[in-house]
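Subject: Structure for you to look through

Dear colleague,

Here is the structure I promised to hand over, followed by some notes on what was found in it. Please keep the sequence open beside the notes as you read.

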Amino acid sequence: FNMKKFFTILTVVALTTTISFAQAQFGATAGLNMSNVVGDGESLGMKMGMHIGASASIPFSDAMSLKTGALYSMKGASDSEDGVDLTWSLSYIEIPLNISFAVSDQMSLMAGPYVGILMGANQKIEVDGTTILEQDGTDGMAAMDIGINLGAGFAVTDAISINAGYQMGLTSLDEEGDGDAKNSNIHIGMTYSFGS
């Protein structure tokens, strides 16, 4: 075992990682969520929400980078039938870990996992516009939501990009994991990168 060779490789890896993080671009992102809850072959109606937070892009090469950050994301579902409206609101702190591939100077495709930490939940039932039940609480709900991101980004300028994608939840929203209900979300947003 050649210790000199080992330390040379270790030094190169450390320098490469340091350079990558030194070239990291940080920014702010915000946008619209069109979320749903699906399971057992059925789905509720779409609920509009928002996401907002910080973003980071860490380059591995000219064509590939890690897109991550921390987002406050509003999800859930809604349903309406015969004058009865049900709204299920969920809020998460989400950390995406997307690998982005540049397909042109402006366009990129990305995919990767995300982890969401449940921050709050609200259920509201209205009959003919009058609220008959509203309750907050996360009892019986899974503390984490893990899923897959698929998306694309378009650079409008060096600092501004538009992104859109789909999130498919892989874990049950039920704390025991018995239920089949999972998050589903279509999102569109804008990111502003500082120091571009």
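A residue is called buried if its relative accessible area is under 20%, exposed if that area is over 50%, and partly exposed in between, using a 1.4 Å probe and counting protein chains only. By that rule Lys-75, at 0% relative accessibility, counts as buried.

Before going further, please note that this is a predicted model, in which local features need pLDDT of at least 70 and side-chain atom pairs count only at pLDDT 80 or more, while totals for chains, interfaces and linings use all residues. Residues are numbered from 1 along each chain as its sequence is written, and side-chain values use heavy atoms, with hydrogens and water left out.

The chain as a whole

The protein chain has one helix and ten strands, where helices (H or I, at least four residues) and strands (E, at least two residues) are DSSP runs numbered from the N terminus. Read from the N terminus, the order of the elements is α-β-β-β-β-β-β-β-β-β-β. Of the 196 residues in the protein chain, 32% are buried. The accessible surface, calculated by the Shrake-Rupley method with a 1.4 Å probe and, for residues, with only the protein chains shown counting as cover, comes to about 11300 Å² for the protein chain, and 64% of it belongs to carbon and sulfur atoms. If contact is taken to mean heavy atoms within 4.5 Å, then among contacts between residues at least 6 apart in sequence, 58% join residues at least 24 apart.

How the strands pair

Two strands are said to pair if DSSP finds at least two bridges between them. Strand β1 (residues 25-39) is a good place to begin, and its partners can be taken in turn. With β3 (47-59), β1 pairs in the antiparallel sense over eleven bridges, and Ala-30 has Ile-52 in β3 as its bridge partner. With strand β10 (residues 182-193), β1 is joined by twelve bridges, again running antiparallel, and here Gly-31 stands opposite Gly-189. With strand β2 (residues 42-43), β1 shares two bridges in an antiparallel arrangement, in which Gly-39 stands opposite Glu-42.

Further along, strand β6 (residues 107-127) and strand β7 (residues 130-136) run antiparallel and are joined by six bridges; Ile-125, for example, has Leu-133 in β7 as its bridge partner. β6 and β7 form a hairpin with two residues between them.

Three aspartates in loops

Which residue in the turn of that hairpin has a positive phi? This is Asp-128, whose phi is about 50° although the residue is not a glycine, and at 65% relative accessibility Asp-128 counts as exposed. Asp-82, which is found in the loop between β4 (64-81) and β5 (84-102), likewise has a positive phi, of about 55°, without being a glycine, and at 74% relative accessibility Asp-82 counts as exposed. Asp-62 lies in the loop between β3 and β4 and counts as exposed at 84% relative accessibility. Although Asp-62 and Ala-102 are 40 residues apart in sequence, their C-alpha atoms are 8.0 Å apart in space.

Two buried residues and their surroundings

Lys-75, the buried residue mentioned at the start, lies in strand β4. The side chain of Lys-75 makes a polar contact with the side chain of Glu-94 at 2.6 Å, a polar contact being a pair of N or O atoms within 3.5 Å where, within protein, one must be able to donate a hydrogen and the other to accept it, and where residues adjacent in sequence count only if both atoms are side-chain atoms. Lys-75 also lies over the face of Tyr-92, at 5.8 Å from the ring centre; a charge sits over a ring if NZ of Lys or CZ of Arg is within 6 Å of the ring centre and within 35 degrees of the ring normal.

Ser-100, in strand β5, is buried with a relative accessible area of 3%. Leaving aside neighbours within four places in sequence, the residues in contact with Ser-100 include Ala-63, Met-64, Ser-108 and Leu-109.

The aromatic pair

The structure holds one aromatic pair. Tyr-192 and Phe-194 form this pair, which is edge-to-face, with 5.6 Å from centre to centre and 70° between the planes. Rings of Phe, Tyr and Trp (its six-membered ring) pair if their centres lie within 6.5 Å, and planes under 30 degrees apart count as stacked, over 60 as edge-to-face and the rest as tilted. Tyr-192 is partly exposed at a relative accessible area of 42%, and Phe-194 is partly exposed at 48%.

With best wishes
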